[in-house]
Every structure is written in structure tokens, then in C-alpha cells.
Amino acid sequence: MKKTNNKGFSLVELIIVIAIMAILIGVLAPQYIKYVERSRVSADKDMIDSLTKAAQTAITDDDYYDDIDSSNSIVINGTNVTVSGTGLTNAVTEFYGSVSNSHFKSKAFKNATITIGIDDSGTTLKVTVSDGSGTYDPSNYS
């Protein structure tokens, strides 16, 4: 009588498992990539909305309003966020935090430059988008 020591997988079984894994990865990878991009767009929208709210708070709060004029702005682009003006800088630091590592992460905002500023009257917030998409609206920008 011959003893058989079948303690492992055969080559055919391993190839079948690898083929099944490759099929699953091929089907699931595009969905995962879409999910990641949607989360990046959401993070970008949240950053814009937070900075807009910080600027809105700055023009309505007496502690910051005296230091704000129409030359102050927040510029957000693909590589960084720049805040000019003492009043806006203080408001952004207090209500948003540090902007040193902030930038757009999604492909949807990759070429956009969004400027959040104060109009000449000093009482109204203006938001402009330079990628040709028109006025920024956090609820429907994609």
C-alpha cells in the first residue's frame, strides 16, 4: 500500500484561486477608485465651505471686521491655501485651523482656483471660481 502525503494545494488549485482573485480585483477596483474620488470631492467641498464660513464670520464679527478690507482674500487652488489680511488670517486660524497642509485633493477641483473675498463695501462675501464653472455653490459643485 502506497502512502500519500497530501498536505498542500495542487498547482491547479492555486491557479484557480489566483484567477478568481484577479477577477474580483478587476471588478471591484473601478468601484473603489470612484468611491475614493467621491470622498476626495467631499473633503474639498468641506474645506471650501469651512473657509467660506470662517470668512463670513470674520465680516460679521466685530473682533475681526475692523481689520478687514476688500484687499483681503482666501485663495484656494490645487497646491495650497493662501490667506491675506490680518482679520481674515485670524478668523481662519480660529475657526478653521492651520491652512499649511490644505489644498485640493480631487480631480474635480484640480484646475480650480477659488477666491473668497470681501466686496468693496466690506459687508458682503464674494466667492469666485476661475475654472470657468461660474459661481461656487457648495451644494452642487462637482
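Trainee: What share of the 142 residues of the protein chain counts as buried, and what makes a residue count that way?

Mentor: In this predicted model, 29% of the 142 residues count as buried, and the word is used for a residue whose relative accessible area is under 20%. The accessible surface of the protein chain comes to about 9500 Å², and 55% of that surface belongs to carbon and sulfur atoms.

Trainee: Why is serine 50 called partly exposed?

Mentor: Serine 50, which lies in helix H1, has a relative accessible area of 32%. Buried would require a value under 20% and exposed a value over 50%, so serine 50, at 32%, is called partly exposed. In space, its C-alpha is 6.5 Å from that of tyrosine 96, although the two residues are 46 apart in sequence.

Trainee: How do you know which strands pair with each other, and in what order do they lie in the sheet?

Mentor: Pairing is assigned when at least two bridges are found between two strands. E1 and E2 have four bridges, strand E1 (residues 73-76) and strand E3 (residues 114-118) also have four, and E3 and E4 have five; each of these counts therefore meets the requirement of at least two. The result is an open sheet of four strands in the order E2-E1-E3-E4, with antiparallel pairing.

Trainee: What makes E2 and E4 the edge strands?

Mentor: Strand E2 (81-84) and strand E4 (125-129) each pair on one side only. Neighbouring strands of this sheet are turned against each other by 10° on average, with direction ignored.

Trainee: Which residues face each other across these pairings?

Mentor: Isoleucine 74 has isoleucine 116 as its bridge partner in E3, and isoleucine 74 also stands opposite valine 83 in E2. Isoleucine 114, for its part, stands opposite valine 129 in E4. As for the link between E1 and E2, these two strands form a hairpin with four residues between them.

Trainee: Why is E3 described as largely enclosed?

Mentor: E3 is described in this way because four of its five residues are buried, where buried stands for under 20% relative accessible area.

Trainee: Which side chains of E4 point to the buried face, and which point to the other?

Mentor: Leu125, Val127 and Val129 point to one face and are buried, whereas Lys126 and Thr128 point to the other face and are not buried. This can be set beside a general rule: the side chains of a regular strand alternate between the two faces of the sheet.

Trainee: What packs on the sheet?

Mentor: Helix H1 (residues 11-60) packs on the sheet and touches E1, E2, E3 and E4, and its direction makes about 10° with that of E3. Helix H3 (residues 86-95), on the other hand, lies across E1 and E2 and runs at about 130° to E2.

Trainee: Which residues touch the most other members of the largest nonpolar core?

Mentor: This core has 26 residues, and those that touch the most other members are Leu51, Ile74, Ile76, Phe104, Ile114 and Ile116. At least two core residues come from each of H1, E1, H3, E3 and E4, and H1 gives the most, with eight.

Trainee: What does isoleucine 76 touch, leaving aside residues up to four places away in sequence?

Mentor: Isoleucine 76 is in contact with Met47, Ile48, Leu51, Val81, Phe104, Ala112, Thr113, Ile114 and Ile116, and a contact is counted when heavy atoms come within 4.5 Å.

Trainee: Where is the confidence of the model lowest among the helices and strands, and where is it highest?

Mentor: Confidence is lowest in helix H2 (residues 62-65), with a mean of 75, and highest in H1, with a mean of 91. For the protein chain the mean pLDDT is 81, and 87% of the residues reach 70 or more. Over residues 138-142, however, pLDDT stays under 50. In general, predicted coordinates should not be read in detail where pLDDT is low.

Definitions and conventions. Residues are numbered from 1 along each chain as its sequence is written. This is a predicted model: local features need pLDDT of at least 70, side-chain atom pairs count only at pLDDT 80 or more; totals for chains, interfaces and linings use all residues. Side-chain values use heavy atoms; hydrogens and water are left out. Axes are lines fitted to C-alpha atoms, for helices over the stretch in contact, and angles run from 0 to 180 degrees between N-to-C directions. A nonpolar core is a set of buried Ala, Val, Leu, Ile, Met, Phe, Trp, Tyr and Cys residues joined through side-chain atoms within 4.5 Å. Buried means under 20% relative accessible area, exposed over 50%, partly exposed in between (1.4 Å probe, protein chains only). pLDDT is the predictor's confidence in each residue, from 0 to 100. Accessible areas come from the Shrake-Rupley method with a 1.4 Å probe; for residues, only the protein chains shown count as cover.
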